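Colleague: Please take one part of this model and go through it closely with me. I would like to follow how the pieces around it connect.

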Amino acid sequence: RNPNTIEILNVPVSTFKPQSQSYNVWPNTEAVSCPVHKIMMKSEEERPVGEDSSSEPGQMTVVSENSASSSAPVPSDIKVNACRLSSGQVCICETCEATRTRMIHRNTGTKKRKLSSAEETTTALAVAKKPNREEDPQVLDTMTKACKTILEAIGEDPEREGLVKTPSRWAKSLLFMTKGYGQSCHEVTNGAVFSEDHDEMVVVRNIDIHSLCEHHMVPFTGRVHIGYIPNGKVLGLSKLARISEVFARRLQVQERLTRQIADAIVEAVEPLGVAVVIECTHFCMVMRGVQKVGASTTTSSVRGIFESNPKTRAEFFSIIHGNGIKMC
């Protein structure tokens, strides 16, 4: 074995002193450029005459970047693979391999975005299993009375023939359009997650969605396109539509809706990447305000490899815009 090479494996953390301390090293030693430890070693033959012989041959000294004063010998009976970075070779020792693995996961792993306070609130409402509000007589009665008050406030007669049952219908329809508060993604996926060795892109386009703008409580409607790259697990195709429906059937803004769908898919199958695009027309811009009938809004949210790899992202957008594979 080359006396100038060292082998490191499972060195106890307590063996190494904090980086704030500095250590003496033997002169004319060769630094080992290991990404985790900076270590210098000298064989017994290379020690200067008169050097302290209490250190055993083949020991190594841990050195900080600010090397200065005392030594910390490490027993040489630790059996490990040699680190070869100092010789200009690609090192595959366990320390360097562990460092590379952590860097790969940090750079390419699917990131889970931290939820905002508004998203945490809506998610918490969805997680808890709630009774069917459409059949709750107390809720229906409260909403019916509120609708009658609104009809009177705008100058209508709630007892008019055409409006007698309107408060009840309105209450039921509003509860239906916001039924997502009583649902969770775990519930609607219903265990439709399957192990599959498939690592190519899966795209479902043109899923119809209908939601209510939380600012004016008027509808916005459009389509959602979803793509993901599996990582050992696939999700039933219809479940992508159901997940979209869970979040669309709430008071929403389109930007948050896009993010929530992407995060829910990440949570369900932990894919290599997810991309979601939503295109909608908002009736708060059509029926009131600026009244621009032709205006539409597009939002996107990407996770994992769709965020880090421009070519993968471009392929997804090419498919959803109709430039990909076409049916006969």
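Modeller: Glu270, just after helix H7, takes a positive phi of about 45 degrees. This is a predicted model, in which local features need pLDDT of at least 70 and side-chain atom pairs pLDDT 80 or more, while totals for chains, interfaces and linings use all residues. Residues count from 1 along each chain as its sequence is written, and side-chain values use heavy atoms, without hydrogens or water.

Let's look at the helix itself. H7 covers residues 254–269 (helices are DSSP runs of H or I with at least four residues, strands are E runs of at least two, numbered from the N terminus). Its 16 residues should span 22 Å at 1.5 Å a residue, and its end C-alpha atoms lie 23 Å apart, which agrees (the expected span is 1.5 Å times one less than the number of residues). Twelve of those 16 residues are buried, so H7 is largely enclosed by the rest of the structure (buried is under 20% relative accessible area with a 1.4 Å probe, protein chains only). Among the buried residues are Arg256 and Asp263, along with Leu257, Ile261, Ile265 and Val269.

Moving along the chain from Glu270, we come to strand E10, residues 273–282. E10 belongs to an open, mixed sheet of five strands, ordered E9-E6-E7-E10-E11. At the edges stand E9 (251–252) and E11 (297–304), each with a single partner strand, so one side of each is left without a neighbour in the sheet. E10 pairs with E11 in the antiparallel sense over eight bridges (pairing takes at least two DSSP bridges). In this pair, Gly273 of the E10 range stands opposite Gly304 in E11.

The other end of E10 takes us to a cavity. The structure holds two cavities of 30 Å³ or more, and the second largest has about 30 Å³ of space (a cavity is a set of points on a 1 Å grid over the protein atoms where a 1.4 Å probe fits but cannot get out, with lining atoms within 4 Å of a point; its volume is the space filled by probe spheres on the points). E10 gives the largest share of this lining, three residues, and helix H8 (283–286) also supplies at least two. Cys280, Thr281 and His282 line the cavity, as do Met285, Val286, Lys292, Ala295, Ser296 and Thr297. By type, the lining divides into four nonpolar, four polar and one charged residue.

Note on methods. Buried < 20%, exposed > 50% of the residue type's maximum accessible area, 1.4 Å probe, protein only. 1 Å grid on protein atoms, 1.4 Å probe; cavity = no way out; pocket = protein on both sides within 12 Å on 5 of 7 lines; lining within 4 Å. Nonpolar A, V, L, I, M, F, W, Y, C, P; charged D, E, K, R; others polar.
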